[in-house]
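Visitor: Hi, I have a model open on my screen. Could you walk me through its pockets and its ligand?
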Amino acid sequence: MRVLGLETSCDETGAAVYDSERGLLGHRLYSQAALHREFGGVVPELAARDHIRKLLPLVQAVMRDTDTDAGDVGGVAYTAGPGLVGALLVGASFGRSLAWSWDVPALGVHHMEGHLLAPMLESEPPSFPFVALLVSGGHTLLVDVEGLGRYRVLGESRDDAVGEAFDKVAKLLGLGYPGGPAVARAAESGDPNRFRFPRPMTDRPGLDFSFSGLKTFARNTVLAHPRDPQTVADVACAFQDAAVDTLVIKCRRALRQTGRARLVVAGGVGANVVLRRRLSEAVQALNARTYYPRPEWCTDNAAMIAYLGCRRLLTGAREPPAISVRARWALTELNAADP
Ligand code: KG4
Ligand code: ZN
């Protein structure tokens, strides 16, 4: 089965074609980062309008790239949530209309489930069961994954998501948007010994996270020092160290607690190279293995949506022809879908 996947949940417009026999045939992505930069964050109305302009040309391009005709497509999958409602509605109404006109099924899929399964696109995918660390702009989740749709949330952030904390600290340091990659770049020239930030909620049992205190700590540090380039780099470095350490400590704990031998890391913050390096070392020490999607599939993309849509359509998932999206959507509300 060949599936067209559409991603429009936030500030990236994506289209991809996944074939159940041949794997991912192609994907295209358009980032709205330049559009939102002057506002220091995503403006939902602008995001939705830009998806409207970019989605059709992207779909045409990816179908051309992959030699896919309308008659080859067996289903259309689109991100139905969680995300920005206006942005989601663009992909949902476009995807449903296309599927209707091609007389194939359309399926709205869960954005975080897409992230969770992105490592399946790689040549050595993890097998179930595994623990997943989902770290994006909106979520920080540790999930025990037994199979497709069988998710148990082990821990989550009580306040800011870790990506959100990266974005806020970047803004505070005048590093611009998107913040995660900017903080990571600045941290490269930082002195790791100048400041030490706390590792929130690691001194007590449990797998929940809290990142808002870390952000406040960064703000207080900035206010207490002259804002020269070296201080900016040192604060970025101390913040990244503390955020990464906190994630590593909780992942180690989750692996020990569940006895799983595999850790999947997904979502935008999963592109952070320091996190990838430290997690791999820590997980190896537990005789477990870490799986990452390549960096371009850590951040938002349609490849993961096409893959997930194909898996779920093949298990017979179908929906009535109504256009609905969800700004909030817990992973644990999903149905198990074993083939
Ligand atoms: O998964 P994603 O692309 O979008 C959401 O679904 O939220 O994640 C975006 C988040 C942003 O907060 C961004 O700052 C962060 O991922 N991010 C990073 C890096 N690349 C993206 N954070 C830290 N280091 C990076 N290299
Ligand atoms: Zn995402």
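Guide: Happily, starting with a term: on a 1 Å grid over the protein atoms alone, a pocket is an open set of points where a 1.4 Å probe fits, with protein on both sides within 12 Å along at least five of seven lines, and lining residues have an atom within 4 Å of a point. A volume is the space filled by probe spheres set on the points. The model is predicted: local features need pLDDT of at least 70 and side-chain atom pairs 80 or more, while totals for chains, interfaces and linings use all residues. Residues are numbered from 1 along each chain, ligands from 1 in the order written, and side-chain values use heavy atoms, without hydrogens and water.

Visitor: What volume does the second largest pocket have?
Guide: About 380 Å³.

Visitor: And which residues lie nearest its centre?
Guide: Leu107, Gly108, Glu319, Trp329 and Leu334, out of 20 that line this pocket.

Visitor: Which strand gives the most to that lining?
Guide: β5, with four residues; strands here are DSSP runs of E, at least two residues long.

Visitor: Switching to ligand 1, which residues come nearest?
Guide: Gly137, Asp167, Gly180, Gly268 and Asn272, of 18 around the ligand; a residue counts if one of its heavy atoms lies within 4 Å.

Visitor: What polar contacts are there?
Guide: A polar contact is a pair of N or O atoms within 3.5 Å. An oxygen atom of ligand 1 is 2.8 Å from a polar backbone atom of Gly137, and a side-chain N or O atom of His115 lies 3.1 Å from a ligand oxygen.

Note on methods: Polar contact = N/O pair within 3.5 Å; in protein donor to acceptor, adjacent residues only side chain to side chain.
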